[in-house]
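Welcome! Here is a short tour of the ligand surroundings and two of the sheets.

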Amino acid sequence: MIPFDLVVVGGGAAGFMTAVTAAENGVKRIIILEGSAKLMEKVRISGGGRCNVTNASWIPNELAENYPRGGIKLLESFNRFAAGDVFDWFEKRGLKLKIEDDNRVFPISDSSLDVISCLKKNAIIKGVEISTKFFVKEIFKTPDNFFNLINSEKDSIIAKNIVLSTGGHPSGHKLAKSIGHSIVKTVPSLFTFTTKESKLNECSGVSIKNIDLEIQLNNKSFKNRGDLLITHWGFSGPAVLKLSSIAARELFEQKYKCKLIIKWSDLEYEELKEKINNLKLNNGKLNLINLRPLPVLTKRLWLFLLNKMKINKDKKWADLLANEREIMINSLLKDKYMIFSKGPFGEEFVTSGGVSINEVDFKSMESLICPGLFFSGEILNVDGITGGFNFQHCWTSGWLAGKAVSKLFIK
Ligand SMILES: Cc1cc2nc3c(=O)[nH]c(=O)nc-3n(C[C@H](O)[C@H](O)[C@H](O)COP(=O)(O)OP(=O)(O)OC[C@H]3O[C@@H](n4cnc5c(N)ncnc54)[C@H](O)[C@@H]3O)c2cc1C
């Protein structure tokens, strides 16, 4: 059996970027082994079917700040291939991209299928072989220093080099462990929060821009500012997803039980007190429900908050008692909710944890334990917040691994 120059395990975003880069840089016999029947399935469903390819965060240092796990190691990678390089890479291969107001990058067509066809087309043009339903179960080193990959049916493939690009799937972690790598326990990241707060579901669909959020758990506090969405089960939106990512490990340990504090107003205590006193003075004849103290509060949200504060919505502003005013100020500055679980099953966007980053050279993505073994994508203990950062890591690590393998074949 003639060994492949490169076998990529996993036909997702990272696996395809690795294979295309290696092929374009002269590596001849390459095969992608995909365990399922479908290629790049996560790319297809990503970004609500639009695929948020990357983020227009062009400066490597700033880009690296968007990864709660990955840290300084990612900087070594991003200094070689960052978001701007990804943008050019796809455009040069015919995928036109656009930058939205919040810096997220999407295909101009708004279709993730175009990202898939770009990667697939470029792999095929360069002669990359693709085998689906080839689920790699075991990997051995042969006496002559090749890799032997065996699937569920006991078929075997021999390779000079391999790249593990199996995403957050436990089988990839098992394979890496069997070769000597340590695995940081995996926990979900990027999820929504569930609360039992009565009647909050009546605000379902309300979205508020630029809100300060804080979660408190186990004597620790995590803060974030961003857009919030109220759902019929609790809270979602970029600010919540980011908080879930920053505190992914602690939330897992506390079984997703924490206190969420929402600051509905940018004003501080004295300023808000003055504002409410002015409303009492100048608009005293109006009912509370008919005059909202803050522009961010929609009518539905204001009604919900008044009920939560146990203040009669039909009361006139002039009749607001001093103790009610204090309750209102407190609620608007520190509105508390008990979170008791993460959102519905299957909603997690990424896995936090994976192959330990200290055992991988982030300039080449080669294993520091086993020469000839490389990693790309989510299999590593790297994960980013929402906004295209998780795919960015797939493209960067895939490109570096592909390049590094190609250098092994330069005579
Ligand atoms: C709903 C959803 C939306 C998302 N939207 C975005 C977004 O818009 N932007 C963004 O940046 N990120 C997004 N993400 C995250 C992003 O999709 C992932 O970070 C990314 O797909 C990881 O790519 P990967 O190639 O490392 O792994 P995967 O995409 O998981 O690919 C790994 C592949 O390996 C295969 N495999 C696993 N084990 C084996 C084995 N033993 N043998 C053979 N094959 C195997 C799997 O079947 C799979 O096809 C989203 C995720 C989800 C779930």
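## Around the ligand

How many residues surround the ligand, and which are the closest? This is a predicted model, and in it the ligand is surrounded by 35 residues. G10, G12, G35, G167 and G377 are the closest of them. By type, the shell holds 18 polar residues, 13 nonpolar ones and four charged ones.

Several helices take part. At least two shell residues come from each of α1 (13–24), α2 (41–45), α7 (170–178) and α13 (389–407). With four residues, α13 gives the largest share of the shell.

## A three-stranded open sheet

Let us turn to the strands. In general, strands of a sheet pair through backbone hydrogen bonds, either parallel or antiparallel. Here, three strands form an open sheet in the order β3-β5-β4, and their pairing is antiparallel. β3 (54–55) and β4 (97–99) are the edge strands; each has a single partner strand, so one side of each lacks a neighbour in the sheet.

Two bridges join β3 to β5 (residues 104–107) in the antiparallel sense. N55 has R104 of β5 as its bridge partner.

## A six-stranded barrel

Another sheet closes into a barrel: its six strands follow the order β11-β14-β13-β12-β15-β16, with antiparallel pairing. On average, neighbouring strands in this sheet are turned by 45° against each other, direction ignored.

Within the barrel, β11 (residues 193–195) pairs with β14 (residues 234–236) over two bridges, in the antiparallel sense. The bridge partner of T194 in β14 is G234. Helix α8 (residues 238–246) lies across β11, β12 (207–217), β13 (220–230) and β14, and runs at about 155° to β13.

Conventions: Residues are numbered from 1 along each chain as its sequence is written. This is a predicted model: local features need pLDDT of at least 70, side-chain atom pairs count only at pLDDT 80 or more; totals for chains, interfaces and linings use all residues. A residue is near a molecule or strand if its C-beta atom, placed from the backbone, lies within 6 Å of it. Ala, Val, Leu, Ile, Met, Phe, Trp, Tyr, Cys and Pro count as nonpolar, Asp, Glu, Lys and Arg as charged, and the others, Gly among them, as polar. Two strands pair if DSSP finds at least two bridges between them. Axes are lines fitted to C-alpha atoms, for helices over the stretch in contact, and angles run from 0 to 180 degrees between N-to-C directions. Two residues are in contact if their C-beta atoms, placed from the backbone, lie within 7 Å.
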